[in-house]
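Work through the exercises below with the sequence and the model at hand. Each task is followed by a solution in steps.

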Amino acid sequence: MPLQTLYHQFPKASKVTRTQAEKQKRRRDREKAILSSQSPKDEGLDWSEKEKILYTAQTPPGEKKDTSLPFPAAYSPDYVESSWYQWWEKEGFFRPEQHDSLPHAVERTFSMCIPPPNVTGTLHLGHALTVAVEDALVRWRRMQGHRVLWLPGCDHAGIATQTVVERKLLRESGRRRQDMGRDEFLQEVWMWKNEKGEEIYSQLRRMGASLDWTRACFTMDPGFSRAVTEAFVRLCDSGLIYRSEALINWSCALQSAISDIEVDSKELSGRTMLPVPGYERPVEFGTMLTFAYPIEGHDGEVAVSTTRPETMLGDVAIAVHPEDPRYQAVHGKQCRHPFTGELLPIITDSMVDMQLGTGAVKVTPAHDHTDFLLSQRHSLPYVTVIGEDGTMTPPSLFGFGWCFFLQGVKRFDARQMVVEALVEKRLFRGKQQHSMTLPVCSRSGDIIEPLLKKQWFVQCKGMAAKAIQAVEDGELEIIPQFYSKTWKNWLSNVSDWCVSRQLWWGHQIPAYSVELPQNVNHKEELWVWGRSEEEARQRASVKYGVPPEKITLTQDPDVLDTWFSSGLFPFAMLGWPQQTKDMERFYPNALLETGSDLIFFWVARMVMLGTELTGQLPFKQVLLHSLVRDKHGRKMSKSLGNVVDPLDVIHGTSLEKLQEKVRAGNLDPREQLVAMEAQSKDFPRGIPQCGTDALRFALCSHKTQGEIFRTSSTISKDSEGMSRGFFCLNNNAFLLLVLWVQVGPLGSMERWVLSRLYSTVLQCEQSFEAYELHSVTSALYTFWVNSLCDVYMEYMKPLLSPQTRATEGAVACSVLFHCVSVSLALLSPFMPFITEELWQRLQLHHPPASATAQPSLCLQPYPSSQSLARWHFPDEERDFLWVQDVVRVTRSLRAQSGVTKKKPTSELWVECSSAQAKILQDFSPALRTLSRVSTVQLVCPVPGGDMPQLTPRLRLPKAAWRQWSITHADGVNVDRQIAELTQRRDRLVPKLEQLLARVRSKDYQTKVPSHVREALDKKVRVSNCELAKLLSVKSP
């Protein structure tokens, strides 16, 4: 494959630099804000340590939890979330085979794989978001009766795992892997994996993920390894994998090529001293040095500027812009290299930036991506002067000469030695500060060294074109849809993919170098590939016409990029290349859900490889959620120290423990300071215990499609609210459900709450289908908390008196039971533990009538709007909205007039139309109970008539055609209340005017920080609302 095909692999430096400069500026601005007073502490979460109530029954692991024990008086995640998961897993509720026993089963399949986390990893909130979203979808489909497979897996994480084990060995025994040999080292890695590698699986279980653990898949399992080998061989046979020489990203510390995703760009504004692995002292970067090349046969010279003087030993030319007037006279001439003695041609190329440095650049194709491209156009040689270990090597094409003494010297130590030699030869022309982008290995912190090496590449152009076409033809749907444009733009400019990695841990490349008998003369490299060495030998025999026994094969010591095996996950996990039953039933997957940052590195590669190797797209839909960022807009990253462990939200933790984790990390002093300061502002009192259910619900409550997902104590606040709100069925309320369950005539309130339930089910259906989980959770929260707990259960309380317990009270309890039962099923995909706990307790008192009822809520049918259509009463829903307005205004009147439960009861007078009077009469019991008034008087005056005189009273106009008035018994001084309210109004007006003056100032939008504007705008809204209430109060 010609090297020209690799040109687009390396983007133009100017564009990359500009983009990275913007990112670095934003990062610096955020750090500055964190360290300054502009970023205030988050004081919004007021919480105290709650008493932990434990489940104390002696339930063996895997056995069903004993729900006959007394119900806890308060919500405790430790109690509620105990024992259920082990029972679900043991009973096989998460296996697709369970589908055959479901009476509501449908012949539809829903399959999905979890994005395989690194075997070295632990969960962070990004993982938790993925689990919460995916498990909600999986549980929903399972309850709908689909045959569901959600398959867990773990990635071997080549570089990360090898690095962890190498550090462990060095720390414990002082040995390096090179001291041990490959086989012994791999044994150590497998031992570590077996001891520590299952940790993330236990964390997934703690998150309640309903995965089929019997099919768990590891990318280094024998079956998966066979799939990787098969994929490589097939792609080689079809010409889509080839071996070629190109510049790659090389980490000298890891002594391996690394992918683009593992390269961080560090923006330097000028001279900066940075620590580099293997160097005792910090190394200087961010400077540009200038030195001269003497022109051969002339007295003149050409001065060149560079940030890397150590690579000048590999210079093969000098380039200038053809239109640069300074160098018109030297076009085509040559310069003598001061150390190697070679002649370097002066070439012209329009890619040279005349404004950078001297306008003349040294060309080092073997150590610079831009120079590599330039060398292709001018047929220049490649001279490697830095080895894989980061030390200097003699120039490969020139005589050793004077520079031989640099052999074995570390590259950045050689930098100073070269400068000193240039000074000695009087060729050094100066040094100045220079802003630059430095490529850094994210794994080791090493400075990336571009090296010219022969590697294996995947040709991506053709496969990328098919992936683009699949989206354009509607065969593959990307959600949100706007990512389709990003998909097309990236794949249209995709580069060939280097899949060679110089590691020991991973899938060793199934390619073999061929050594033929001496009487067969082949100068070039000879390679074959095969599913086994024997197959490769037979292929070599046929290819080169040599008997198999006379051929010597040596397997490539490199391993494949981890992303290569991850790209096979959707079908290799099902047994490919064999046509297994799972392949027939579950491939293609129904959905791929993952973070938007993986659209190229993982999703695109799965689509390309899946289509090429199986002839089918690996999935029908791609659902991308946004990245989890901290309160300050920074992506959560270990390198920033802002990662939040979801287990810290589930169990709770202190600020001290959060900061201990930061100190235990590998952050430089400034990054550690920023991280700890951010924690102290985001979590000044630590994180309260919230439990798994609350965390899952809170994560799904945020709009995750395409929007920035920011979190700090917001998650804790949401989780805390969910925990308490969804446990509003305390002992007394729960008893209501088990005392009376009867069916009788439905009153207006029963029709209203049942219709609200129907509307909620309908909204859940529509939002689930659109993957808008935040709309589902919003609908559920609104119904459960606002409609059921705050309204209907409050309305019910007077109905449980001895006089009405057997009549209206029994009907209300029956309706409540129905609403709770349906609501628990609706909530189950998001909050599986607490819903199972409550549902099982309901079954103790009211066993399902159907003989085919399922043992667990997670297998019950998901409520459908069709089955609840008979409970749809739109008139009651509409009418009660007006009743709630009356209740709100009445309560406001009570509060303004100082009437409390302990003070005399009130009489409510409402002036309204006759139609409105009928509505209020229908809902009269609810109106009295919720408004906390003894009686309701309805007045429908004749036009022009007067309102009955009430003494004493407060009047609050709601509209031109209706009024509310509350009368009080003796003891309430209305005149004093009016005076107090008038004083409040008079104090509020000037304060509001001051706020409005600030908001309306000329530079408000440009100079006032966004968080300050947000706070001021909120104050204005609140003050306006309060003023409107105060202005509406009238004297009697």
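Helices here are DSSP runs of H or I with at least four residues, strands are runs of E with at least two, and both are numbered from the N terminus. The model is predicted.

**Exercise 1.** Locate S379 and state what is unusual about its backbone and whether the residue is buried or exposed.

Solution.
- Step 1: S379 sits in the loop that links α10 (369-378) and α11 (411-424).
- Step 2: Its phi is positive, about 55°, although S379 is not a glycine.
- Step 3: The cut-off for exposed is over 50% relative accessible area. S379 has 68% relative accessibility and therefore counts as exposed.

**Exercise 2.** Repeat the analysis for R932.

Solution.
- Step 1: The loop between α31 (924-931) and β31 (935-939) holds R932.
- Step 2: R932 is a residue other than glycine, with a positive phi near 60°.
- Step 3: Relative accessibility is 37%, so R932 counts as partly exposed.

**Exercise 3.** Describe how helix α20 packs against helix α21.

Solution.
- Step 1: α20 (residues 655-664) and α21 (residues 669-682) have axes 10 Å apart, at an angle of about 165°.
- Step 2: Angles over 145 degrees count as roughly antiparallel, and α20 and α21 are therefore roughly antiparallel to each other.
- Step 3: The crossing of the two helices is right-handed.
- Step 4: From α20, L655, L658, Q659, V662 and R663 meet Q672, A675, M676, Q679 and S680 of α21. This contact comprises five nonpolar residues, four polar and one charged.

**Exercise 4.** Describe how helix α4 packs against helix α22.

Solution.
- Step 1: The axes of α4 (residues 125-143) and α22 (residues 692-700) cross at roughly 90° and come within 9 Å.
- Step 2: The two helices are therefore roughly perpendicular to each other.
- Step 3: On the α4 side the contact is formed by L125, A128, L129, A132, V133, D135, A136 and R139, and on the α22 side by L695, R696, L699 and C700.
- Step 4: Sorted by class, these are nine nonpolar and three charged residues, with no polar ones.

**Exercise 5.** Characterise the surroundings of strand β2.

Solution.
- Step 1: β2 (residues 147-151) is mostly covered, with five of its five residues buried.
- Step 2: R147, L149 and L151 point one way, and V148 and W150 the other way.
- Step 3: β2 runs parallel to β1 (residues 109-113), joined by five bridges. W150 of β2 is the bridge partner of M112.

**Exercise 6.** Where does P480 lie, and what is the peptide bond from I479 to P480?

Solution.
- Step 1: P480 lies in the loop between β19 (477-479) and α13 (483-492).
- Step 2: The bond from I479 to P480 is cis, with omega near 0°.

How values were computed. Residues are numbered from 1 along each chain as its sequence is written. This is a predicted model: local features need pLDDT of at least 70, side-chain atom pairs count only at pLDDT 80 or more; totals for chains, interfaces and linings use all residues. Side-chain values use heavy atoms; hydrogens and water are left out. Axes are lines fitted to C-alpha atoms, for helices over the stretch in contact, and angles run from 0 to 180 degrees between N-to-C directions. Angles under 35 degrees count as roughly parallel, over 145 as roughly antiparallel, 65 to 115 as roughly perpendicular and the rest as oblique. A crossing is left-handed if the near helix is turned anticlockwise from the far one by less than a right angle, and right-handed if clockwise. Contact means heavy atoms within 4.5 Å. Ala, Val, Leu, Ile, Met, Phe, Trp, Tyr, Cys and Pro count as nonpolar, Asp, Glu, Lys and Arg as charged, and the others, Gly among them, as polar. Buried means under 20% relative accessible area, exposed over 50%, partly exposed in between (1.4 Å probe, protein chains only). Two strands pair if DSSP finds at least two bridges between them.
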